[in-house]
Amino acid sequence: MTQPTNTISLPPDPSESWWPYIIATIVAIISMLRSYMGGRSYKSSKNLTGKLVIITGANTGIGFEVARDMAERGARVVLACRNRIAAQTASSRITRMVPNAILDIRDLDLSSLQSVVDFVQKLPYNNVNYLILNAGVVFHPFQLTEDEFETHFQVNYLGHFLLTRLLMSKMCTTPGSRVISMTSQSHFAADICLHDLNLQINYSPRKAYGQSKLALLLMTQYLGMMLQGTNVNFMAVNPGLVRGTKHVSSSPVLSESFLLRMAMHPLMWLFMKSPKQGSQSVIYAALDPELDDIRGAYICDCEIAEPSPLASDKKLAADLFERSLSLVAAKAIAAGVSQIWKTDKSDAEN
């Protein structure tokens, strides 16, 4: 008969029993951190059937997500893009997500003021409900456009300034219309060099980018006040740090080192917003009814925020406005705008 073997039972290793809880805690912390960094989501069931939305740079990033959201709400969405092939790809993606999407691809190259004029003249719609000024360049080396303007200044700001001007007659006759400009946190460290808008004396990509974003904010606040009493309102949105955008891919720091870029990916995934999360403040600015009577608001994380003191400088805003008018005057007049800008409701008759 086999004698029973005596076995010694060892107490469980405390470290092994705690591992599931440690892992669960780490996952929970990461999840909460990602949710916090992603910012607020805007919830609205507003239907936009019969509305027209124009989005510049709608083929990628935040612009794409806004276009998809507006299409889901039933709006006719104009994808105003420089690259037609990229726009067609974006249109196909949206159509797969939203089978009933009403999309219209239109060529628009903001580095050419003539392209802006052509875009508006070929637009077959009488009313524009939402104009979202999203397209832009960042960290671009010094280069003048065909119109002899620094690239950031024209693509991010001046081209949009002219586009807004040429669409005003359509928007002033459209009740509840809104112009949404995409600005950036970089405007806090920026200045406007009225004597050297091309920054030829002391150029840096960061300085040029910041100037263009500050210029958009000044335009927003100035026109919000100047056109008070008309059907159109103006707002500027800071979407926050968004991964998968030109800000990341064009970063001079990340572009210099492949290893650094790879090392940064987990941190970007954790601390930066997705394009969809970045689009929430834009959608809020376009649709929220509580903003109807608030002119020239600066929106950050789906709420009104305070811009930099310089962005609220009324004299600087007026000086930039007048300077911008003079820079685009010839194109505006050639496009059939008999007066450069009017400040009352009769602008719709111009």
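Mentor: Contact here means heavy atoms within 4.5 Å, and the model we are discussing is a predicted one.

Trainee: What makes L163 count as being in contact with residues beyond its neighbours within four places in sequence?

Mentor: By that cut-off of 4.5 Å between heavy atoms, and leaving aside its neighbours within four places in sequence, L163 is in contact with T56, L108, V116, F119, V120, L131 and L133. L163 also belongs to the largest nonpolar core, where L163, together with I54, F119, Y157 and L167, touches the most other members of the 56.

Trainee: Which elements give two or more residues to this core, and which gives the most?

Mentor: Those elements are β1 (52-56), β2 (76-81), α4 (113-122), β4 (130-133), α5 (151-172), α6, β6 (232-238) and α12, and α5 gives the most, with 12 residues.

Trainee: Why is the set that includes I62, V98, M182 and A297 called a separate core?

Mentor: A core is a set of buried residues joined through side-chain atoms within 4.5 Å, so a separate core is a set that is not joined to the other in this way; the second one has 37 residues.

Trainee: How do you know which residues line the second largest pocket, and how many are there?

Mentor: A lining residue has an atom within 4 Å of a point of the pocket, and 18 residues line this one, with Q221, R295, G296, A311 and S312 nearest its centre. The pocket has a volume of about 310 Å³, and its lining has 11 nonpolar, 3 polar and 4 charged residues. α6 (205-226), β7 (297-300) and α12 (314-334) each supply at least two lining residues, and α6 gives the most, with 4.

How values were computed
Residues are numbered from 1 along each chain as its sequence is written. This is a predicted model: local features need pLDDT of at least 70, side-chain atom pairs count only at pLDDT 80 or more; totals for chains, interfaces and linings use all residues. Side-chain values use heavy atoms; hydrogens and water are left out. On a 1 Å grid over the protein atoms alone, a cavity is a set of points where a 1.4 Å probe fits but cannot get out, and a pocket is an open set with protein on both sides within 12 Å along at least five of seven lines; lining residues have an atom within 4 Å of a point. Grid points are joined across faces, edges and corners, and a volume is the space filled by probe spheres set on the points. Ala, Val, Leu, Ile, Met, Phe, Trp, Tyr, Cys and Pro count as nonpolar, Asp, Glu, Lys and Arg as charged, and the others, Gly among them, as polar. Buried means under 20% relative accessible area, exposed over 50%, partly exposed in between (1.4 Å probe, protein chains only).
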